[in-house]
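Let's take a walk through this protein together. Have the sequence and the 3D view ready as you read.

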Amino acid sequence: MLTDDKNYTSLISSYKEALAVLGAELLEIGCFDYQKAPVQLYGTIMGNGPTKVLITSGIHGEERAGPYGLLEFIKSDIQKYLDRFTFHIIPVINPIGFEKSERFGSSGMDINRLFDMPQTSPEVKITRNFLHHLQFQLFIDLHEDSDSDHVYLYESGDGLNDDLILAEDLNFLSLISKRGIGINQEPFIYGAVSRNGIVYKGYQTPGKSGEQIDGTIADYLLTSKRVIRAITLETPGKIEFNSRVRVQKDFLNFILAPK
Ligand SMILES: [Zn+2]
């Protein structure tokens, strides 16, 4: 059983240990001052496969199952994907929020609304620098919905085989629901059209609210054509911590498994 520990330094130590076992390293990708103390952001690059995948988590500090689920995935599963993928991973984009268990970053704002304005957030600046000039086939962003007891996904598709991708997403959600975890069946999620727990870009009406949220990391990467497909997982913050961590880890395996 994992505990929901808010100590960023000890989480980072766990990442370092897990990566060292695999011969990989957690790199300091940037540093900024917060209340006169330095705060480090970390990332890693692993694998030598042809498909480039970016995984980020912990952009919203209170959504804690992401960083822990990703750690569990690295500990027990990532090794089997290293021949097929090259991973860029940032486990916690928002260390300040992580330690306070709150949504906002060092500037007191939602970092996931500032990706088109890097000067407003050191976390955005550092993340964008780390990703500079890189392109990815797949971007996975791990989130939670603190007010929800249901799982859902944001999916942009890759424009080539969206029907297959959506069927895959549905398969994942049905696997999760068999475990007794509810799927969000609302027709709209925060104003965006949703079907069977998937908020898909193709379901939205261009120009209508909910079509896209400006300034998210996914929006930034998609509109700058740095990623082909972006998928965001939202696990329910209202269910037990270990079940959420397991959904996060299983999701990564499900999406990356050979088809
Ligand atoms: Zn979030």
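## Two lysines and a helix

Lys225 is exposed, with 8 other C-beta atoms within 10 Å. Here, a residue is buried if 20 or more other C-beta atoms lie within 10 Å of its own, exposed if 12 or fewer, and partly exposed in between, with C-beta atoms placed from the backbone. This is a predicted model, where local features need pLDDT of at least 70, side-chain atom pairs count only at pLDDT 80 or more, and totals for chains, interfaces and linings use all residues. Residues are numbered from 1 along each chain as its sequence is written.

Most residues other than glycine have a negative phi. The table shows two lysines with a positive one. Helices (H or I, at least four residues) and strands (E, at least two) are DSSP runs, numbered from the N terminus.

| Residue | Phi | Loop between |
|---|---|---|
| Lys36 | about 70° | β1 (27-34) and β2 (37-46) |
| Lys225 | near 60° | α6 (217-223) and β11 (227-236) |

Lys36 also counts as exposed, because it has 5 C-beta neighbours inside 10 Å.

Now find helix α1. Which residues of α1 are buried? They are Tyr8, Leu11, Ile12, Tyr15, Ala18 and Leu19. These residues cover an arc of only 125° around the axis (taken from the directions from the helix axis to the C-beta atoms), so they sit on the same side of α1. The face turned away from this buried side carries exposed residues, including Thr9, Ser10 and Glu17. After α1 comes Gly23, with a positive phi near 75°.
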